[in-house]
Amino acid sequence: MDGDLGDFLRSRRGRIRPEEVGLPSYGRRRVPGLRREEVAQLAGVSVDYYVRLEQGRGQRVSDSVLDAIARVLRLDETEHTYLRTVARPRRGRDARRPEVSRVRPGVQALLDGMDRTPAFVMDARMDVLAWNSLADAMNGYSRAAPAGRNIPRQVFLGADARTTFPDWPEIAAQAAAHLRLSAGHRPDDKRLDALIDELSVKSPDFRRLWADHQVKACMSGTKRVHHPLTGVLCLPFETLTVPTDPDQTVVVYTPDRGSETAERLAMLGSWAATAR
């Protein structure tokens, strides 16, 4: 993940127009947005220091400097946190993490107790680790190979992804942004690096979105999924972090009771139970 800091800063200063920060916009500009010297001036640091920061040579950069740069580049809270993370990566943390995350029996029991709504657990790589019967009926996790239980692979490499996800452009952008956020927190995760390399080689759409350097944690929202048996399911969702393993996230779909989606999920659950 070398070069992430510089690429991120360049992408963010590229989206700020000079007039937005009170600078004249006249003169020929070789790149869109702010120049490096303009960011340095507005942040109150030397041009040389900022250039070294973009080149990944800034050592022990302070919170005050990162905060000033975040203010100039108009970063939101997630982007600001990401900036701090990639500016001061804590190497060696991932070497202590197990290669494959394990879901505790109590968490699996929690999933199984949700019999009216699909729910699953994913890790920082967006691998689906555990699920309940309704999530399995909706996504077929138990029939998929372990590599196929990865959300970005499903979104970018799945043959029927654009049919499965009617709002595919939005879903794809969210997946890439969430994956980049995870990568910033896990600079030594070789399996995560391998996943990103695989998606970059096999999917031009992923390469385009990855190069945009968007970072976003998808903690809640609504996802539309087209299932061949039920048609389109409109699924609001919420996420919860597993307290004993912060890398694991429980994703719970929460359709309104009595809604068309809830009725379709009930039918799907009945069909799945009959097919067992």
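1. A term to fix before anything else: a residue counts as buried under 20% relative accessible area, as exposed over 50%, and as partly exposed in between, with a 1.4 Å probe and protein chains only. The accessible areas themselves come from the Shrake-Rupley method, again with a 1.4 Å probe, and for residues only the protein chains shown count as cover.

2. Next, the ground rules. This is a predicted model, where local features need pLDDT of at least 70 and side-chain atom pairs count only at pLDDT 80 or more, while totals for chains, interfaces and linings use all residues. Numbering starts from 1 along each chain as its sequence is written, and side-chain values use heavy atoms, with hydrogens and water left out.

3. The overall picture: the protein chain has 13 helices and five strands. Both are DSSP runs numbered from the N terminus, H or I with at least four residues for a helix and E with at least two for a strand. Along the principal axes, the C-alpha atoms fill a box of roughly 70 × 40 × 35 Å. Of the 276 residues in the chain, 45% are buried.

4. On surface and contacts, the chain exposes about 14600 Å², with carbon and sulfur atoms supplying 51% of that area. A contact here means heavy atoms within 4.5 Å. If you take the contacts between residues at least 6 apart in sequence, 56% of them join residues at least 24 apart.

5. Charges: I get 43 positive and 37 negative side chains, and the centres of the two sets lie 3 Å apart. Lys and Arg count as positive, Asp and Glu as negative, and His and the chain ends are left uncounted. Each charge is placed at NZ of Lys, CZ of Arg, CG of Asp or CD of Glu.

6. How many cavities of 30 Å³ or more does a search of the whole structure find? It finds two. The largest has a volume of about 220 Å³. Of the 16 residues lining this largest cavity, the closest to its centre are Met126, Ile151, Cys218, Lys223 and Phe237. The elements giving two or more residues to its lining are β1 (119-122), α8 (151-157), α10 (168-185), β4 (231-242) and β5 (245-253). The largest share, four residues, comes from α10. For the method, a cavity is a set of points on a 1 Å grid over the protein atoms alone where a 1.4 Å probe fits but cannot get out, and lining residues have an atom within 4 Å of a point. Grid points are joined across faces, edges and corners, and the volume is the space filled by probe spheres set on the points.

7. Two backbone angles to look at. Most residues other than glycine have a negative phi. Methionine 126 has a positive phi near 65°. It sits in the loop between β1 and β2 (128-131), and it counts as buried because its relative accessible area is 5%. It is also among the residues closest to the centre of the largest cavity. Arginine 74 has a positive phi too, about 55°, and lies in the loop between α4 (63-72) and α5 (77-87). Its relative accessibility is 44%, so arginine 74 counts as partly exposed.

8. Now the stretch around α2. Leucine 23 is in the loop between α1 (4-13) and α2 (36-43), and it counts as buried because its relative accessibility is 15%. Setting aside residues up to four places away in sequence, leucine 23 touches Pro18, Leu34, Glu38 and Leu42. Alanine 40, in helix α2, has a relative accessible area of 0% and is therefore buried. Beyond its neighbours within four places, alanine 40 contacts Val45, Ser46, Val47 and Tyr50. From alanine 40 to alanine 273 the C-alpha separation is 62 Å, across 233 residues of chain.

9. Strand β4 holds valine 232. Is valine 232 buried or partly exposed? It is partly exposed, because its relative accessibility is 30%. Not counting residues up to four places away, valine 232 touches Pro166, Arg224, Val225, His226 and Arg264. Its C-alpha is 7.9 Å from that of threonine 261, 29 residues along the chain.

10. Last one: alanine 109 lies in helix α6 (residues 105-112). At 49% relative accessibility, alanine 109 counts as partly exposed. Alanine 109 and proline 169 are 60 residues apart in sequence and 34 Å apart C-alpha to C-alpha.

Key. On a 1 Å grid over the protein atoms alone, a cavity is a set of points where a 1.4 Å probe fits but cannot get out, and a pocket is an open set with protein on both sides within 12 Å along at least five of seven lines; lining residues have an atom within 4 Å of a point.
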